[in-house]
Amino acid sequence: MCLAHILSNNSFKLNLYFRQSNPSFSDKIRDIRYCLRRNNMTIEMTFFCTQCGTKLSGKKPCRNCGFDIHSDMPYGDISPIGAGGYGFSDAVDDPRYAGYQGNKRKYIILFALILIIIIPAFLLLSGDLILDTEGITVIAVVSTMFILIAASAIRSTQRRGLEWTGSVVDKRLIGGKLNGPRLIVKRDNGKMIELPFKDNLVQYEYYKIGDVIKQHNKPNLRTLEKLDKRTDEILFCPSCAYLCDTRDNYCQACGSPLLKGK
Ligand SMILES: [Zn+2]
Ligand SMILES: [Zn+2]
């Protein structure tokens, strides 16, 4: 059974998949990542120790705490159930989130610069553009366009928005003006909103009707967090949305702290 097919066919089956008692949950996570990867939907990434956040070198155990994610039973006999804890995390002000967003901004700038250099260079070399007044105008317009796109992408990494708490009152897969998987949420101020999960059915399945949730909206951290994570076996990285195990403290892909309760 391949999860990517389940996802594309019917997200309710995903729920059943998660409820199967065998195999072990780490195997399920591995299986999910494997399926997604095989379908080019994600790449397995292990760059950071999931227990202390130290950068790993290759497949060696963590040099800081000794944790070895590549071993057969990295968590020993600790159950993922209960490991997520209860309560909204107080890790939201951790400076590592700023580090992640800072890297993202660097990549945006680098990408924009490459486009600004490569596109005019390509047009000039292919002879489609010559360096006369018109050619220079074209280059200026194209460059300005990329600079504006990059500036708006950078701004969106720094925007501070509304923070709220609320509860999931319903979940719908189709219909409505958003037409796709979405949570119907009642905010604490009484306002009803719809949260779309168009591209992420795994996250859609993660939230259940009745869950109390919080929207964090800080300059370097915009993510949803569930109040009660005690019955879950998975967590999503608040920075890069990587699928993590509740026994992890840090995202293995980007090193950001995971939001866990007590
Ligand atoms: Zn470590
Ligand atoms: Zn991450």
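The legends below describe close-up views of a predicted model.

**View 1. The whole chain, from the N terminus on.**
The chain has 6 helices and 7 strands. Its elements run α-α-α-α-α-β-β-β-α-β-β-β-β. Of the 262 residues, 21% are buried. Among contacts with a separation of 6 or more, 52% join residues 24 or more positions apart.

**View 2. Confidence along the chain, and the segment 1-23.**
Mean pLDDT for the chain is 83. A value of 70 or more is reached by 81% of the residues. Residues 1-23 stay under 50 throughout. The model gives this segment 26 contacts beyond four places in sequence. Where pLDDT is low, the predicted coordinates should not be read in detail.

**View 3. Helix 4 against helix 5.**
Helix 4 covers residues 95-125, and helix 5 covers residues 133-158. Their axes lie 10 Å apart, at an angle of about 170 degrees. Angles over 145 degrees count as roughly antiparallel, so helix 4 and helix 5 are roughly antiparallel to each other. On the helix 4 side, the contact is made by Gln101, Lys104, Arg105, Ile108, Ile109, Ala112, Leu115, Ile116, Ile119 and Pro120. Helix 5 contributes Ile139, Val142, Ser143, Phe146, Ile147, Ala150, Ala153, Ile154 and Thr157. By type, the residues of this contact divide into 14 nonpolar, 3 polar and 2 charged.

**View 4. The open sheet.**
In what order do the 5 strands of the open sheet stand? The order is 3-2-1-4-5, with antiparallel pairing. Strand 3 (192-196) and strand 5 (221-226) stand at the edges. Each of these two has a single partner strand, so one side of each is left without a neighbour in the sheet. From one strand to the next, the twist averages 35 degrees. Strands of a sheet pair through backbone hydrogen bonds, either parallel or antiparallel.

**View 5. Strand 1 and its two partners.**
Strand 1 (residues 164-172) runs antiparallel to strand 4 (residues 212-218), and 4 bridges join them. Strand 2 (residues 182-187) also runs antiparallel to strand 1, through 6 bridges. Find Gly166 to see both pairings. Its bridge partner in strand 4 is Ile213. In strand 2, Gly166 is partnered by Arg187. Val168 has Val185 as its bridge partner in strand 2.

**View 6. Asp170 in strand 1.**
Asp170 has its place in strand 1. Is Asp170 buried or exposed? Asp170 has 12 other C-beta atoms within 10 Å. A residue with 12 or fewer counts as exposed, so Asp170 is exposed. Leaving aside neighbours within four places in sequence, Asp170 is in contact with Ile184 and Ile209. The C-alpha atoms of Asp170 and Glu194 are separated by 9.5 Å. Along the chain, Asp170 and Glu194 are 24 residues apart.

**View 7. Ala241 in the loop between strand 6 and strand 7.**
The loop that holds Ala241 lies between strand 6 (234-236) and strand 7 (243-245). Most residues other than glycine have a negative phi, and most peptide bonds are trans. Phi of Ala241 is near 65 degrees, a positive value in a residue other than glycine. Ala241 has 17 other C-beta atoms within 10 Å. Burial starts at 20 and exposure ends at 12, so Ala241 is partly exposed.

How values were computed: Residues numbered from 1 in each chain as written. Chains lettered and ligands numbered in written order. Predicted model: local features only at pLDDT ≥ 70, side-chain atom pairs only at ≥ 80, totals over all residues. Axes fitted to C-alpha atoms, helices over the stretch in contact; angles between N-to-C directions. Parallel < 35°, antiparallel > 145°, perpendicular 65-115°, else oblique. Contact = placed C-beta atoms within 7 Å. Nonpolar A, V, L, I, M, F, W, Y, C, P; charged D, E, K, R; others polar. Pairing = 2+ DSSP bridges. pLDDT = per-residue confidence, 0-100.
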